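Visitor: I am new to this structure and should be grateful for a close look at a single part of it. Please take one helix and explain how it sits within the chain as a whole.

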Amino acid sequence: MYKRILMLSALAASLAGAQAKVRLPHIIGDNMVIQQASDVRLWGTAAPGATVNVAVSWSDDGYKAKADAQGKWQLTVKSPKADGRRLSMSFGDGDGAVTVRNVLAGEVWVCAGQSNMEMPIKGFDNCPVDGYNDVVAGARADSLIHFVKIPGVMSMTPLDDADCEWKQCCPATVGDASAAGYFFAKTITRATGVPVGLIMANKGGSRVESWLTRENLEKYTSEPLDSAEMVKKFKWDFHRPMLWANGTFNPILRCTVKGILYYQGCSNVGDPGNQYSDRVALLAKQWRQAFGLGDIPFYIVEIAPYKSGNADGTWSAKLREQQLRASRIIPNSGFVSTNDCVYPWELNQIHPAQKRPVGERLAWQALNKTYGMKSIWCESPSFKSLTISNDTCYVKLDNTYGGMNRMEGIEGFEVAGADKVFHKAAATYDGAKGVTLTCPEVKAPVAVRYRFKNFSPGNFANMAGLPLIPFRTDKWDE
C-alpha cells in the first residue's frame, strides 16, 4: 500500500508538472549553476496576467512576478554563497509547478568566440586535445563543474531561447565540454573551492561581426544586413554578420554571469588598421550593456601560431597585435598569450592540442584580477622600450616578475636597418639591461621584431612561465 501511495504521488506530481502553464527557457533547468551571492535573474512564460510564484530551497523567502500581456515574466532571487549544497527551485502559477533540481551556487562564466573556444575535450576530427584520457579518468572529482552548450543557430531576429541542457562533469559528459573552458573551471575550482558553471556560446569560424547586433553593425560598419546580400558576400555561413548574435548569444543575455572568456580572431585576419580591436571593444561594450551587470571581466585569448598560407607572413601577427590592443582599451580586461602553445608539427593545425595552458592562463587572469589572488602571476612579458647604441639594441620588458626563463639560447628576435630588411639577431638577457641584440648583417639597426610572423613559436618566458608577447617596433608594412 505504501509503495502504491508513493507511486501515485509521483505520478500526480509528474502530471502536474506536465500540465503546468509555467514555461522556463532551456537554460534554466536541472544541473544549472547560478551566480553565487547575487540577484539572479529568472524568467519564462505563463498565461497572460498569471502570477508566478518561485520558491527556493535555500531560503524561506518567496518570490513572485506577474506575466505580461504576452505571457512573459521575469524576477530576481537572492542566491546563496557557494557551499557545494545541491539546491532546487520551484515555479508555479496555481495550476501546477515546475521544479529545477541539482542546482549549484557558484561562478558562472561565458565561453565565447570561435572554434578554438568551442573545441571540446574530445577534440575535433583529426584535432586531438592533449590529456583526454586523463581528464575523463579524473572527471568524477569534477562534479562541481557544470556546463551548457548553446547550439550554433543563425537567426535574422534575436531569439529568446535555445535548445540546450546543463550537464554535470563526469566521465560520460566531460568530453563535450569546451577544453579551454574546462581547464579554466578546473583551475578556478581548485583555487577557490567554488563550483563553476560554463555557458558555451560560440561558433567555429565566426568573425567578430558575427556577434554584433544589427544596431551596432548599422552604426559602425558597412556589413550587409539583408539576408540575400549576406549570402552573396559570404560563402560560408559562419562568416555572416549578426546571425550568430541573434541565434546563439541572445538566448543567454538574461543570465546572471561573472564574466566572459573570449577566444576569437582567426576569421578576422587581414582586417585593416585598428578595425578589429575597435570592434572587439564595441562587442565587449555591447555584451556588458545587454547583461546589465556593469563592466564584468572580459579576458581575451591570443590566436595561436598558424601557417595561414605562409609561415613567414605577418597578417596573423597583426591580428594578435590587435588582440593585445583590444585588451588594453577595454576596461577590466586581460590578455592570454599562446605563442608557446603549439607543437612544431602543428604548422598547418588551426586547432592546436595544448588547451590546458590556455584555460589555466585564463584562470590565472581571473584569480588575480577578479578574485583578488594577487600572488598569482598572470601577465605575459611584453615590450616596454627600445634603446639603440651604435650596432646594439637594448629591449626592456614589462611583467618579468623578476626575471626571464633563460639568458642565452633565446630565439625569435630580428633587427633591421633603414633598408627595412630583417635579419636574425643574437640575443642575451640581463635583468638590468634587458634583452641585448646584435646582428653582423645590420650595422645601424633602427627596428626590432620578436616572433612577428604567422607561425613562429617562442622559447622566451618570464618567471611565471608565460611567453613573451610577439611585437614589432616598426609600422613599415601597414
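Guide: The account that follows begins with the whole chain, turns to one helix, and then sets other places beside it.

The model is a predicted one. Its chain has 478 residues, and 53% of them count as buried. The secondary structure consists of ten helices and 21 strands. With a radius of gyration of 25 Å, close to the 23 Å given by the globule rule for 478 residues, the chain is as compact as a globular protein of that length. The C-alpha trace spans about 95 × 50 × 40 Å along its principal axes. Of the contacts between residues at least 6 apart in sequence, 72% join residues at least 24 apart. The accessible surface amounts to about 20600 Å², and 51% of that area belongs to carbon and sulfur atoms. As for charge, there are 54 positive and 47 negative side chains, and the centres of these two sets lie 2 Å apart.

The part chosen for the close look is helix 8, which covers residues 275-291. How far should its 17 residues span at 1.5 Å a residue? The expected value is 24 Å, and the end C-alpha atoms are 24 Å apart, which agrees. Helix 8 is mostly covered, since a residue counts as buried when its relative accessible area is under 20%, and twelve of the 17 residues of helix 8 are buried.

The buried residues of helix 8 include several with aromatic names, among them Tyr276, Trp287 and Phe291. Arg279 and Arg288 are buried too, as are Ser277 and Gln286. An unbroken run of buried residues goes from Arg279 through Val280, Ala281, Leu282 and Leu283 to Ala284. In an α-helix there are 3.6 residues a turn, so residues three or four places apart point the same way. After helix 8 comes Gly292, whose phi is positive, near 65°.

Helix 4 may be set beside helix 8. Helix 4 runs over residues 179-192, and its 14 residues reach 20 Å from the first C-alpha to the last, close to the 20 Å expected. Ten of these 14 residues are buried, so helix 4 is largely enclosed by the rest of the structure. Among the buried residues of helix 4 are Tyr182, Phe183 and Phe184.

Phe183 also leads to a loop, for it is one of the residues in contact with Asp130 when neighbours within four places in sequence are left aside. The others in contact with Asp130 are Tyr343, Ala353 and Gln354. Asp130 lies in the loop between helix 2 (115-118) and helix 3 (132-138), and with 32% relative accessibility it counts as partly exposed. Asp130 and Arg356 are 226 residues apart along the chain, yet their C-alpha atoms are separated by 7.6 Å.

Positive phi values occur in residues other than glycine as well. Asn31, in the loop between helix 1 (2-19) and strand 1 (33-35), has a positive phi of about 75°. Ser308 has a phi near 50° and is found in the loop between strand 12 (298-301) and helix 9 (315-329). Ser308 is partly exposed, at a relative accessible area of 23%.

Methods: Residues are numbered from 1 along each chain as its sequence is written. This is a predicted model: local features need pLDDT of at least 70, side-chain atom pairs count only at pLDDT 80 or more; totals for chains, interfaces and linings use all residues. Side-chain values use heavy atoms; hydrogens and water are left out. Helices (H or I, at least four residues) and strands (E, at least two) are DSSP runs, numbered from the N terminus. The expected span of a helix is 1.5 Å times one less than its number of residues. Buried means under 20% relative accessible area, exposed over 50%, partly exposed in between (1.4 Å probe, protein chains only). The radius of gyration is taken over C-alpha atoms; the globule rule is 2.2 Å times the number of residues to the power 0.38. Contact means heavy atoms within 4.5 Å. Accessible areas come from the Shrake-Rupley method with a 1.4 Å probe; for residues, only the protein chains shown count as cover. Lys and Arg count as positive and Asp and Glu as negative; His and the chain ends are not counted. The place of a charge is taken as NZ of Lys, CZ of Arg, CG of Asp or CD of Glu.
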